[in-house]
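The following exercises concern aromatic side chains and the nonpolar core. Each task is followed by a solution in steps.

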Amino acid sequence: YPEGASYWGYGTTFNVMLIAALESTLGTDFGLSKSQGFLATPDYLLHLYGPTGEPFAYSDAGTRPSGLHAAMFWFAAKRGDPYLLW
């Protein structure tokens, strides 16, 4: 993501909300969750944080931890990977 963890949370959370709404109302997300790399994107977020608990700040990203993003609950359930919430 070109602007860090907080922007990942902002953009990805709304994307996940759309996908979840499509799945729950129409029974399909029309392949959006299968877009190349999309289901791997929470791993990117995990790798942005170092042992200090602070994110790697680049571009216009902040240096404060952005906390647990709502989208991570969806990714953890979708992938069957509870470690995403740890």
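**Exercise 1: An aromatic pair within a helix**

Y10 and F14 lie four residues apart in helix 1 (residues 5-26), so about one helical turn separates them. The model is a predicted one.

Task: Determine how the rings of Y10 and F14 are arranged, and classify the exposure of each residue.

Solution:
1. A search of the whole structure finds five aromatic pairs. In the pair Y10 and F14, the ring centres are 5.4 Å apart and the planes meet at 75 degrees.
2. Planes over 60 degrees apart count as edge-to-face, so Y10 and F14 form an edge-to-face pair.
3. Y10 has a relative accessible area of 58% and is exposed. F14, with 48%, is partly exposed.

**Exercise 2: A second pair**

Task: Classify the arrangement of W74 and F75, and decide whether W74 is buried or exposed.

Solution:
1. The ring centres of W74 and F75 are 5.1 Å apart and their planes stand at 80 degrees, so this pair is edge-to-face.
2. Buried means under 20% relative accessible area. W74, at 14%, is therefore buried, and F75, at 0%, is buried as well.

**Exercise 3: From cluster to core**

Task: Place F38 in its aromatic cluster and in the largest nonpolar core.

Solution:
1. One aromatic cluster is formed by W8, F38, W74 and F75.
2. Beyond its neighbours within four places in sequence, F38 contacts residues including V16, I19, L32, W74 and F75.
3. The largest nonpolar core has 13 residues, and F38 is among those with the most contacts inside it. Helix 3 (70-79) and helix 1 each supply at least two residues of this core; helix 3 gives the largest share, five residues.

Terms used: Residues are numbered from 1 along each chain as its sequence is written. This is a predicted model: local features need pLDDT of at least 70, side-chain atom pairs count only at pLDDT 80 or more; totals for chains, interfaces and linings use all residues. Side-chain values use heavy atoms; hydrogens and water are left out. Rings of Phe, Tyr and Trp (its six-membered ring) pair if their centres lie within 6.5 Å; planes under 30 degrees apart count as stacked, over 60 as edge-to-face and the rest as tilted. Buried means under 20% relative accessible area, exposed over 50%, partly exposed in between (1.4 Å probe, protein chains only). A nonpolar core is a set of buried Ala, Val, Leu, Ile, Met, Phe, Trp, Tyr and Cys residues joined through side-chain atoms within 4.5 Å. Contact means heavy atoms within 4.5 Å.
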